[in-house]
Amino acid sequence: MTDLLIICVAAFFAGGLNSIAGGGSFLTFPALVFIGIPPIAANATSAVAVFPGYLSGALGFRSEIKAFDIKTLLVFLCLSIVGGIAGALLLLVTPSEVFSFIVPWLLLFATLLFAFDKQIRKWTAGDKKAGPIGTSIATLIVTTYGGYFNGGLGIVLLSLFSGLGYRDMNQMNGLKIVLSFILSAASVITFAIAGIVFWKQAIVMMIAATIGGYLGALIARRMPATVVRAIVIIVGLVMTLVFFVRG
């Protein structure tokens, strides 16, 4: 019951964080590791737990998504499927000891991305869109990262779109969510086939995260964005420190 309470609370607040500012994986992944699930399986189960939130977000940005050129959107979607599967397969062949070693570095990377997302997007912004080959390679790298480790994915995708020349933030957010949904679906299916998902915990967390996401959307309208960002960054840094110490 204690373990169930821990993952429910983590998923609830993760859903809220994802609705407000992102960073929910900073809670779901460590919570699963804390109750004794191996890191690789915890990463896969965490991906399943936060997966439903992407669908509702994609529906909310459907008008922005429809505004994209259909051929361009299909290319992005295909690359997301390939990247999601590739990242999931890469996780499956990564030795547990190696993944445990790099987890704190991944958490630190994701936290720094979140903390400096505006500066990163400004730095990656260019005057011209990249060519088709450059766009495909960059998108495949980012989506593979998302299939391997979901933390900070939204920030990486926004930085990618900025670097590719996109400027409309609503369109960028819409594309970010739909690509997150597609690549997460691909990686979740891969994890499920491989049999490394702890489904009992995943289903409970999916329900809690959905409730937290709905309430988080209501809170987001009242809570200052700077406060929320500070909370996410602090949580990310604390989780990073904990995993460094555990290592």
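Q: Is Pro-132 buried or exposed, and what is its relative accessible area?

A: In this predicted model, a residue is called exposed when its relative accessible area is over 50%. Pro-132 has a relative accessible area of 67%, and it is therefore exposed. Pro-132 belongs to helix 8, which covers residues 132–148, and its C-alpha lies 9.7 Å from that of Val-75, although the two are 57 residues apart in sequence.

Q: How much confidence does the prediction carry, and where is confidence lowest and highest in the protein?

A: The protein has a mean pLDDT of 83, with 90% of its residues reaching 70 or more. Confidence is lowest in helix 7 (residues 117–124), where the mean is 73, and highest in helix 5, where it is 93.

Q: Which residue can serve as an example from helix 7?

A: Gln-119 is found in helix 7. Its relative accessibility is 48%, so Gln-119 counts as partly exposed, given that exposed begins over 50%. The C-alpha atoms of Gln-119 and Thr-94 are separated by 32 Å, with their positions 25 residues apart along the chain.

Q: Which residue lies 25 residues from Ile-6 in sequence, and how far apart are the two in space?

A: Distance along the chain and distance in space are best read side by side. Ile-6 and Ala-31 are 25 residues apart in sequence, and their C-alpha atoms are 6.7 Å apart in space. Ile-6 sits in helix 1 (residues 2–20), and, once residues up to four places away in sequence are set aside, it touches Ala-31, Phe-34 and Ile-35. At 26% relative accessibility, Ile-6 counts as partly exposed, because buried requires a value under 20%.

Q: Why is helix 2 described as largely enclosed by the rest of the structure?

A: The reasoning goes from single residues to the whole element: 9 of the 10 residues of helix 2 (residues 25–34) are buried, so this helix is largely enclosed by the rest of the structure. Among the buried residues are Phe-26, Leu-27, Phe-29 and Ala-31, the last of which is also touched by Ile-6. Just after helix 2, Gly-36 takes a positive phi of about 105 degrees.

Q: Which residues have the most contacts inside the largest nonpolar core?

A: That core has 69 residues, and those with the most contacts inside it are Phe-99, Phe-161, Leu-175, Leu-179 and Phe-191. Taking Leu-175 as the case, and leaving aside its neighbours within four places in sequence, one finds it in contact with Phe-68, Leu-73, Phe-76 and Phe-161.

Q: Which residues make the nonpolar surface patch?

A: An α-helix has 3.6 residues a turn, so residues three or four places apart point the same way. The patch, of about 490 Å², is made by Ile-81, Ile-85, Leu-89, Leu-90, Leu-92 and Val-93. Leu-90 is placed in helix 5, which spans residues 70–93, and at 43% relative accessibility it counts as partly exposed.

Q: What is the place of Ser-96, and how far is its C-alpha from that of Ile-40?

A: Ser-96 lies in helix 6 (residues 96–115) and is partly exposed, with a relative accessible area of 34%. Its C-alpha is separated by 6.6 Å from that of Ile-40, a residue 56 places away along the chain.

Conventions
Residues numbered from 1 in each chain as written. Predicted model: local features only at pLDDT ≥ 70, side-chain atom pairs only at ≥ 80, totals over all residues. Heavy atoms only, no water. Helix = DSSP H or I, 4+ residues; strand = E, 2+ residues; numbered from the N terminus. Buried < 20%, exposed > 50% of the residue type's maximum accessible area, 1.4 Å probe, protein only. Patch = residues over 30% accessible without salt bridge, like charges linked within 9 Å, V, L, I, M, F, W, Y side chains within 5 Å. Areas by Shrake-Rupley, 256 points an atom, 1.4 Å probe, with all protein chains shown as cover. Salt bridge = Lys/Arg side-chain N within 4 Å of Asp/Glu carboxyl O. pLDDT = per-residue confidence, 0-100. Core = buried A, V, L, I, M, F, W, Y, C linked by side-chain atoms within 4.5 Å. Contact = heavy atoms within 4.5 Å.
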